[in-house]
Every structure is written in structure tokens, then in C-alpha cells.
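The following exercises concern a single protein chain. Work through each task with the sequence and the coordinates at hand before reading the solution.

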Amino acid sequence: MSKGTILFIFTSADKCLDGKETGWYLPEAAHPYYALHKDFNIEAASTKGGVVPLDATSKKMFTDEESVKFLEDPKAQELVKNTKKIGEVKADDYVAIFVVGGHGPLIDLAPSKEFAKLVEDFYNSKKVVSAVCHGPAALIGAKKNGTNESIFNGIEATVFSNSEEAQTPYNDFVNTLPFSPEDKLKELGAKFVKTEDWGVKVVYDGGVLTGQNPASAGPLGQKLKEILLSA
């Protein structure tokens, strides 16, 4: 029996600022999905609604069982082919929100006031706000209830690190990406934490659950399940 519905958020952006291809990152949807789908209903929303663009590189790089299964699973594919628009969903209908990573969220979700308002509705209702890899960068516009203070201010949080980005073709925070996720979280007052590059790091503090990188996606899904089932 379902313990409620979790809202997965996907990017609609398929290109970075300089035209490099991007989208949502396969294992960062697949691994949390399979950690959660037996206990919770899962729905999806994105900036534009409809089909969301898969980062083609992630499909090539991640051929683990769950990532491959996600691409062949009719229910999972229904999720990414028929997303709702962010403006069509309400926090009241869900038990938690989860932002799937990929470089895309920096392009369309991070600057979206509409998305920031949705995140605030979850946060101020004491519902878990979660995100992995570049996903936490999508939360930068969200403020604590009735203040101008970021939801990251004063809490431990993680995100894809500068040292990891330096090993990718996207390591340009002016021409390719609009900002550095690590630098931005620090700027907003987060106590930024990380483990070694590409290792597993999941942090839950102040109602915000963050994971550092693709390897952290499955463990974040498990942690989200634990939090929700113990509530």
C-alpha cells in the first residue's frame, strides 16, 4: 500500500549556455526511483511539461541494471514522457519533492521563480526537500518562510563539487554553466560538505536532503524512504 506520493522534478533544458547537450541524468532518476517506487507513488513535473530530455552521455556511461531497466520500464518511461508543468502541481498533494540532477537544472530550474515558490511550499510545510548531484543547485531561489534567507543558510548540504566538475567537459562557470553549484551553496550560507570525488555523500539537515554526485543517488533514495517511513 502506498505511503503517499513523491514529486520527482526533471529539467526541460537540453542545452547548456554554449550549446553543449544536457538534460536529466539517468542514474540520478533510476536509482532513487527503484529505492522508492514500492512504498510510494511517484509523479513527475518539469519546467515545460511533457517529454523531458535525457542526457545522452549518462545513457552511455551508466549501464548498471537499474539504469537500463528504467529505460525499458513502461511505468518509468510514462513518468519521463508525460511530466506535468511545475505550475500545475501543488505541494499539498505530495509527501516530498526530489530534484533529479544533470546540468540542465542550472539552466531552467535554478532561475525559475515559479519553481522556487513550489520548493518553498514544500519546505514551509515541513515536507522533505531533496536533490542530488547538480539538483541542489535548482533550490537556490527558495527562501525560508516570510524571510529573504535561503533554505541553505546555516545547514549542512552537499552538491556536485568543483573538483568533480573539473573532470568534466562542463567546467566553465561563465560560458557553459551559469554558476558553480558548490560556490553558490557556500554563498547562500550552507555549511558545504563533501567526500572524495565520485564517492557517496548524503546529508540531511534542516529538512533538506542532498546528495553529492551520481553515486549518491541510490543512497539518497534509501535515506528519503527511511525519513518518510519513520515520520
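**Exercise 1.** Determine which side chain of opposite charge is nearest to Asp108, and how the carboxylate is accommodated.

*Solution.* Asp108 is buried (under 20% relative accessible area; exposed is over 50%, partly exposed in between, with a 1.4 Å probe and protein chains only). Asp108 has no salt bridge (a side-chain nitrogen of Lys or Arg within 4 Å of a carboxyl oxygen of Asp or Glu). The nearest side chain of opposite charge is Lys48, 7.0 Å away; here Lys and Arg count as positive, Asp and Glu as negative, and His and the chain ends are not counted.

Next, consider the polar partners. The side chains of Asp108 and Thr47 form a polar contact of 2.7 Å (N or O atoms within 3.5 Å, one able to donate a hydrogen and the other to accept it; residues adjacent in sequence count only through side-chain atoms on both sides). The side chain of Asp108 also reaches the backbone nitrogen of Ala13 at 3.3 Å.

Finally, place the residue. Asp108 belongs to helix H5, residues 104-108; helices (H or I, at least four residues) and strands (E, at least two) are DSSP runs numbered from the N terminus. Leaving aside residues up to four places away in sequence, Asp108 touches Thr11, Ser12, Ala13 and Thr47 (heavy atoms within 4.5 Å).

The model is predicted: local features need pLDDT of at least 70 and side-chain atom pairs pLDDT 80 or more, while totals for chains, interfaces and linings use all residues. Residues are numbered from 1 along each chain as its sequence is written, and side-chain values use heavy atoms, without hydrogens and water.

**Exercise 2.** Establish how many residues of helix H1 are buried.

*Solution.* Helix H1 covers residues 26-36, and 11 of the 11 are buried, so the helix is largely enclosed by the rest of the structure. Among them are the charged residue Glu28 and the pair Tyr33 and Tyr34.

**Exercise 3.** Compare the settings of Cys133 and Trp198: is each buried or partly exposed?

*Solution.* Phi of Cys133 is near 60°, and phi of Trp198 is near 70°; each is a positive value in a residue other than glycine. Cys133 lies in the loop between strands E5 (128-132) and E6 (156-157), whereas Trp198 lies in the loop between E7 (191-192) and E8 (202-205). Cys133 counts as buried, at 3% relative accessibility, while Trp198 is partly exposed at 39%.
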